[in-house]
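Let's take a walk through this structure, pockets and strands included. Have the model open and follow along.

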Amino acid sequence: MTSNSPDIKIKEAPVRAPSHVPQDDAVLPFEVAALDLRGRLTRLGPGLDDLLAKHDYPPPVAKLLGEAIVLTTLLGSSLKFDGRFILQTQTDGPVSFLIVDFQAPDRLRAYARFDASQIKEGQDSGSLLGKGHLAMTIDQGPEMSRYQGLVALHGGSLEDAAHEYFLRSEQIPTRVRLAVGEEWRGGEGGARRRWRGGGMLLQFLPKAPERARQADLDPGDAPEGTLTHTVAEDDAWVEGQSLISTVEDVELIDPDLSGERLLYRLFHERGVRVFSPLALQAKCSCSRDAVSAMLKSFAPQDRAEMVKDGKVVVTCEFCSSVYQFTPQEAGAEDGAAP
């Protein structure tokens with residue numbers, strides 16, 4: 001029923017058809033108000049390919065690091081301040097260390113360390129990571145304390161680790177989907193394989209907090225037979241999980257499918273609202289001045305030992321940029337033996 005009174009104005013949210021224009025290297029926030037769901041959709045193209053192409057990673061390693069980059073964009077893009085979100089793993093697997101550094105609002109860099117002799121074609125992320133831990137760090141700047149959450153890795157995927165993190169640390173019902181793959185497409189210099197990635201994060205955030213209650217965590221060392229209470233999942237969250245589980249990898253990385261069209265496919269029956277996309281870029285924070293300052297932080301004797309063939313050479317692990325200094329520029333002569 002509508003009122004004919006001129007004193008009453010009914011404001012409706014604008015409705016439009018979803019855009020068919022794909023947008024790469026961006027995070028698209030969205031909301032499904034009817035189900036109390038909020039989320040973010042990441043689509044990565046040239047930016048991801050640039051990050052992975054800076055190193056000669058075997059395909060399984062590149063795919064794993066790509067998944068970590070996608071996950072980092074989904075989490076780091078939620079920062080409301082100019083800080084950093086750092087995702088890092090240390091494990092006993094073939095990929096013993098990886099790090100993704102997101103500097104708000106849009107800068108990404110990443111690096112992985114691996115044992116080439118243990119890499120096999122077709123390995124999944126769980127077997128590449130092995131056992132260890134995943135750390136997620138929020139750095140708000142030098143005048144603020146850091147926040148860090150740790151998740152144990154037991155041979156599972158990064159999706160599994162993200163779900164464990166939100167269950168134990170944030171206690172927000174959350175589901176994550178990650179996908180990374182290669183496409184064969186033409187461009188400058190001819191056709192070549194290019195990396196693409198996509199991901200979606202969906203969270204249940206009802207206004208009444210009791211609706212988001214979850215079952216107790218494993219009781220750990222409690223006496224055998226101790227019962228844990230169960231909590232029936234909210235029907236809205238059951239529906240949300242069901243919908244995100246239908247998303248296929250190819251949909252997340254399809255260069256011809258726009259993010260808005262994908263969200264419409266999933267949630268059009270309930271209605272989905274999208275917000276302004278957040279652009280991303282692959283950009284390292286290293287510089288000659290920063291490397292020079294880093295060198296000066298070492299003891300004089302250590303700087304002297306860095307001199308090889310009459311110069312000091314430093315290579316950035318993130319972007320592979322090479323910086324050369326004379327011994328004088330590096331302050332290496334201060335530690336030279338008499």
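Keep in mind as we go that this is a predicted model. A good place to start is the second largest pocket, which has 15 lining residues, with Pro14, Arg16, Val272, Arg273 and Val274 nearest its centre. The space in there comes to about 520 Å³. Helix H7 (259-267) and strand S10 (273-274) each put at least two residues into that lining. Sort the lining residues of this second largest pocket by type and you get eight nonpolar, two polar and five charged.

Now for the largest pocket, which holds about 610 Å³ of space. Its lining runs to 26 residues, and Arg40, Leu75, Ser77, Ser78 and Leu79 sit nearest the centre. Quite a few elements chip in with two or more residues: strand S1 (26-32), strand S2 (37-44), helix H2 (59-76), helix H4 (158-170) and strand S9 (192-204). By type, the lining of the largest pocket splits into 17 nonpolar, five polar and four charged residues.

S1 deserves a stop of its own. How many of the residues of S1 are buried? Seven of the seven are, so S1 is largely enclosed by the rest of the structure. You can check that face by face: Ala26, Leu28, Phe30 and Val32 are buried on one side, and Val27, Pro29 and Glu31 are buried on the other. Note that a charged residue, Glu31, is in that second group.

Who are the partners of S1? S2 is one of them, running antiparallel to S1 and joined to it by seven bridges. Within that pairing, valine 32 faces leucine 37 of S2. S10, which we met at the second largest pocket, is also antiparallel to S1, with two bridges between them. Here glutamate 31 stands opposite arginine 273 of S10, and Arg273 is one of the residues nearest the centre of the second largest pocket. Then there is strand S11 (residues 278-279), which pairs with S1 in the antiparallel sense over two bridges. In that pairing, alanine 26 is set opposite alanine 279 of S11.

Look next at the turn of the hairpin made by S1 and S2, where four residues lie between the strands. Aspartate 36, in the loop between S1 and S2, has a positive phi of about 55° although it isn't a glycine. Serine 320 does something along those lines: it isn't a glycine either, and its phi is positive at about 65°. You'll find serine 320 in the loop between strand S13 (312-315) and strand S14 (322-325). With a relative accessible area of 29%, serine 320 is partly exposed.

Elsewhere, six strands make up an open sheet, in the order S7-S6-S3-S4-S5-S12, and the pairing is mixed. At the edges are strand S7 (147-154) and strand S12 (281-282), each of which pairs on one side only. Within this sheet, zoom in on strand S4 (residues 95-103) and strand S5 (residues 107-114), an antiparallel pair with eight bridges. Glutamine 103 is opposite arginine 107 of S5. The loop between S4 and S5 contains proline 105, and the peptide bond leading from alanine 104 to proline 105 is cis, with omega near 10°.

Finally, the rings. The model has four aromatic pairs. One of them brings together phenylalanine 204 and tryptophan 237, and it counts as stacked because the ring centres are 6.0 Å apart and the planes meet at 15°, where the cut-off for stacking is under 30 degrees. What parts does this pair tie together? Phenylalanine 204 belongs to strand S9 and tryptophan 237 to helix H5 (residues 235-244), so the contact links parts 33 residues apart in sequence. Phenylalanine 204 is buried at 1% relative accessible area, and tryptophan 237 is buried too, at 4%.

Two arginines also lie over ring faces. Arginine 109 is over the face of phenylalanine 318, at 3.9 Å from the ring centre. Arginine 288 is over the face of phenylalanine 325, and there the distance to the ring centre is 4.3 Å.

Definitions and conventions:
Residues numbered from 1 in each chain as written. Predicted model: local features only at pLDDT ≥ 70, side-chain atom pairs only at ≥ 80, totals over all residues. Heavy atoms only, no water. 1 Å grid on protein atoms, 1.4 Å probe; cavity = no way out; pocket = protein on both sides within 12 Å on 5 of 7 lines; lining within 4 Å. Points joined across faces, edges and corners; volume = space filled by probe spheres on them. Phe/Tyr/Trp six-rings, centres within 6.5 Å; stacked < 30°, edge-to-face > 60°. Buried < 20%, exposed > 50% of the residue type's maximum accessible area, 1.4 Å probe, protein only. Lys NZ or Arg CZ within 6 Å of the ring centre and 35° of its normal. Pairing = 2+ DSSP bridges.
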